[in-house]
Structure formats: C-alpha cells, structure tokens
Amino acid sequence: MPPSTITDTKLPAPEAGWRHARRGNSLSEVYASIRVPGADASFWRKLMAFWGPGLLVAVGYMDPGNWATDLAGGARYGYTLLSVVLISNLFAMLLQHLAAKLGIVTGRDLAQACRDHYSRPVSLVLWFLCEVAIAACDLAEVIGSAIALNLLFGLPLAWGVVLTTLDVLVVLFFQNKGFRIIESLVAGLIVLIFGCFLYEILASHPDWLALSKGLVPRPEIVTNPQMLYVAIGILGATVMPHNLYLHSSIVQTRQIEPTEPGKRMAIKFATIDSTVALFLAFFVNAAILVTAAAAFHGKGYNDVADIADAHKLLTPVLGAGAASVLFAVALLASGQNSTLTGTLAGQIVMEGFLDIKLRPWLRRLVTRLIAVVPALVVAIIYGEKGTGQLLVLSQVILSLQLSFAVVPLVLFTSSKAKMGVFVNRPLVQVVAWAVSAIIISLNVFLLWQTFTG
C-alpha cells in the first residue's frame, strides 16, 4: 500500500530496519488482551500468565498428518527412528523460539514482516504458498477427523468429511468467548490425547532398553535408503510452516511493557511455554511410534502404516480392550485441536500479507471448503485407501512450503537493524541457518523421492 493511502495520521514513523510503519496489530481483536504481572511477581505467576500460546503451537506438531509417518517408522524399524522424532522436536523448539521473539520484539507477526521486507509480487507468492500449506493442513484435519468418526461410530468417510464442516460454528463460538477460552479448550484436548497415549504405551509393554537406545541417532538411518525416506517424512510432517506465523502473532496477546526488560521477560517465558508444550508434542509423536514398534514390529505387521489398519490391529495384538477406542478418540481430539489453530493461522496470514480482514465465519468457511471438496471426492471414489494417500500428499505439500517460512524467519531475527539488541547471537545464527539448511535439503530430497517414485 503506498504511503499516500494511509489515513491514520497518528501512526508513528517506520521503526529502524523497516520500510513502513505498522498499520495495525496482529489479531487486533485479542491483541494485548491478557494482562501479565509486573517484574516483581513470582516466577510461577509470570509463567502462568504467559502459559498458553505454546499449547496452540504444539497442536500443529501432533495433528493427524503426523500419525501415518510415526506409525510407519515404528512398524517397519522398531524404535530406531525415535531419535529422528527427538531431533525434529529440537529443531521445532529453536524455530518457535525465533518466531516468538520476532513477534514480541518487533510487534509484527511473520506475515506482516514479510509484507514489509519483500516486494509486493514476492509477498503475494509467499502468501499464496502459505495459503496452500494451510489448506493442506486443513485437509489432514478433515481426513483425520473423518477417519476417527468412522472408527468410533462406523460413520461412512464421505459423511464424516461433510460433518467436519460444522466445526466452523464451534470455532466461532469459542473465538467470541476470549482467547483464554481457546487456550483452555486446546489444553483440555491435549490432556485427553496425552492420557490416551499414556495408556497405549503402558498397554503395549515396550522394550524400555531398546526404546532408550532408539533416542540415540544411528548411522543406518542415513545409509539405509528406505529408512532415510521414512525419517525425512517424520521430519517433514513434524515442523509445520503455519505454526511459525501463528506463534509470532499469538504471543502478542499478552499485555507486556514495551521496554527492553519487559520484552526480555516476555521472550523468556514465551520460550519456556513453547518448549514445555513441544515436549508434550514429542511425547505424543514418540508414543505413536513406540506403540507401533511394540505392537507391530517383528510380529508380522511391519507394513502397517495406515491409521485404520493400526486401529483394527491394536486391540487383538495388544490384548487391551480400550487400545483401539482410545487410539480413535485421540485422533478425533487431534483433528479438532488442529481445526482451532488452523483457523487462527489462516486469519493471521491473510491479514498480515494482504492487510485485509474477512469475517471469521467467511474465512473459516472458505478454508474448510477448499479442504472438504477434494477430501469428499476422494472418499466417494476411492474410499479409505484414497483418503490415506491424500493424507500423505498433504504432508508433502507442507514440506514444500516449509523453507519459505523458515528462511524469512531466520533472516529477520538475525538482522541487527530489525531486532536491535535482541538480534540472534552469532552461535544462534549459525545453528539456525544450519537447521534451515538441513530442513530444506531433506525436504527437497523427500519431494524428489516422492515424485520420482
């Protein structure tokens, strides 16, 4: 937007390092809506005030799209790929820390920062790619929820896909009740998922020694082409691009002091919040892989990689009556949780890149229809097998978009002009660029392998 079209004369001049002054707050309806205690408050009071955004971010790391890769890794290779799940989460912790820091220090979310830094054509390309990624993530939520409804109630997949459109109303209801309500709902669903998989692990009686050894990376992960392919799939499904946009925005729901000490406190507690929440996500992803390893690996079920097949086999293989039911319950909770955060991410991306606002119900309906139509067509024509393949395709699309979010994030947070005293330290810059290079290289390899067969 040219400067001449800006009508609010009270807007400040552009901050150092930025081309334009901020034209609005990210998620303006909930911006700085949650009060935080002063510097003299106790550690725990501060932590509870900042606790919440990390849980919304963690949801993206345990969505239905992750399940297939974790199941395949456990069933085929036992506990070996646990180290890949751990490394993926460590990468995620660093990137989410950078996203939170960008939002707190600059007052801009990642989408707004991209719009300011890049030319209009580049910003539009980045916006389009991000919308594709959000649609792909929404597709995974639709399919995951539909599969869960089918497993729990025998509802045909096509009807399950249609039913998922109704969650638009649920999301809008809770979004109008305040941001803390959304955070509490997400926390409740995460506790439910956590409890389900705690039962699955205990019921599967894993080999604890082999499990602990699996946390240490082995050379065969790289030297075995088939294992490397699954490992890259786990990495690609774990680090979600839209989460970086989401986190850089929702940390701004806290009403902090706009001073250096105030921002340092906010960064500290936002990082603790997201790191602890991502450990919960690590447990869920690891639990899926461990359950698959204990139940299927070496028992004639090494090729189990389909969610529905895993559900059918869990109870007879483990001999635990609730195993299959709780597996499906966790899948449904995962899909609904991802719906909430996907709605917010879509709003942040559209407002940040295009500087336009849509009514929440319209934005949600458009996003959901983009996901529902292909899922419905595939469910009707190809059934269960087709929806499983579509779930894998959604993760490939997310992998393709990931580098277009990671590179700008590392670039901005490593810029002294944009971040001032909060710029990434040299060691953090080296590690962040190394992580970016690894993610990009592995995802390019994953895409090449996928499209060349």
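1. Let's start with a loop. His205 sits between helix H9 (179-204) and helix H10 (208-214), in the loop that joins them. Keep in mind while you look that this is a predicted model. His205 isn't a glycine, yet its phi is positive, at about 50°. With a relative accessible area of 66%, this histidine counts as exposed, because the cut-off for that word is over 50%.

2. Now for another non-glycine with a positive phi: Leu27, where the angle is near 45°. You'll find Leu27 in the segment before strand E1 (34-35). Is Leu27 buried or exposed? Its relative accessibility is 2%, so Leu27 counts as buried. If you're paging through the backbone, put Leu27, with its 2%, side by side with His205, with its 66%.

3. Some helices are followed directly by a residue with positive phi, and H3 is one of them. Helix H3 covers residues 64-77, and its 14 residues should span 20 Å at 1.5 Å a residue; the end C-alpha atoms are 21 Å apart, which agrees. Of those 14 residues, 13 are buried, so H3 is largely enclosed by the rest of the structure. Right after H3 comes Gly78, whose phi is positive at about 65°.

4. H16 can be read in the same order. This helix takes in residues 323-354, 32 residues in total, and from first C-alpha to last it reaches 46 Å, close to the 46 Å expected at 1.5 Å a residue. The burial count for H16 is 27 of 32, so the rest of the structure largely encloses this helix. Asp355 comes just after H16 and has a positive phi of about 60°.

5. On to H4, which will come back in the pocket below. Its 25 residues should span 36 Å at 1.5 Å a residue, and with 36 Å between its end C-alpha atoms the helix agrees with that. H4 is largely enclosed by the rest of the structure, because 22 of its 25 residues are buried. Gly107 follows just after H4 and takes a positive phi of about 70°.

6. Which residues lie closest to the centre of the second largest pocket? The pocket itself holds about 390 Å³ of space. Its lining has 23 residues, and those closest to the centre are Ile104, Val105, Thr106, Gly107 and Lys263. So Gly107 turns up twice in this note: it lines this pocket, and its positive phi comes just after H4.

7. Who else contributes to that lining? At least two residues each come from helix H4 (82-106), strand E2 (254-255) and helix H19 (416-419). H4 gives the most, with four residues. By residue type, the lining of this pocket divides into 11 nonpolar, six polar and six charged.

8. Next, the aromatics. The structure has eight aromatic pairs. One of them is Phe43 with Trp44: the ring centres are 5.2 Å apart and the planes stand at 90°, so this pair is edge-to-face. Phe43 is partly exposed, with a relative accessible area of 36%, while Trp44 is exposed at 59%.

9. Phe43 has another ring partner, Phe269. This pair is tilted, with 5.3 Å from centre to centre and 50° between the planes. The two residues are 226 apart and the pair links distant parts of the chain: Phe43 belongs to helix H1 (residues 43-50) and Phe269 to helix H14 (residues 260-296). Phe269 counts as buried, at 2% relative accessibility. Add Phe50 and you have one aromatic cluster, made of Phe43, Trp44, Phe50 and Phe269.

10. Trp18 is a good place to zoom in. What sits over the ring of Trp18? The charged end of Arg108 does, 4.3 Å from the ring centre. The charged end of Lys418 also sits over the ring of Trp18, 4.1 Å from its centre.

11. Last, a glycine in a helix. Gly188 lies in H9, the helix that runs up to the His205 loop. It is partly exposed, with a relative accessible area of 37%. Gly188 and Asn337 are 149 residues apart in sequence, while their C-alpha atoms are 9.6 Å apart in space.

Note on methods:
Residues are numbered from 1 along each chain as its sequence is written. This is a predicted model: local features need pLDDT of at least 70, side-chain atom pairs count only at pLDDT 80 or more; totals for chains, interfaces and linings use all residues. Side-chain values use heavy atoms; hydrogens and water are left out. On a 1 Å grid over the protein atoms alone, a cavity is a set of points where a 1.4 Å probe fits but cannot get out, and a pocket is an open set with protein on both sides within 12 Å along at least five of seven lines; lining residues have an atom within 4 Å of a point. Grid points are joined across faces, edges and corners, and a volume is the space filled by probe spheres set on the points. Ala, Val, Leu, Ile, Met, Phe, Trp, Tyr, Cys and Pro count as nonpolar, Asp, Glu, Lys and Arg as charged, and the others, Gly among them, as polar. The expected span of a helix is 1.5 Å times one less than its number of residues. Buried means under 20% relative accessible area, exposed over 50%, partly exposed in between (1.4 Å probe, protein chains only). Rings of Phe, Tyr and Trp (its six-membered ring) pair if their centres lie within 6.5 Å; planes under 30 degrees apart count as stacked, over 60 as edge-to-face and the rest as tilted. A charge sits over a ring if NZ of Lys or CZ of Arg is within 6 Å of the ring centre and within 35 degrees of the ring normal.
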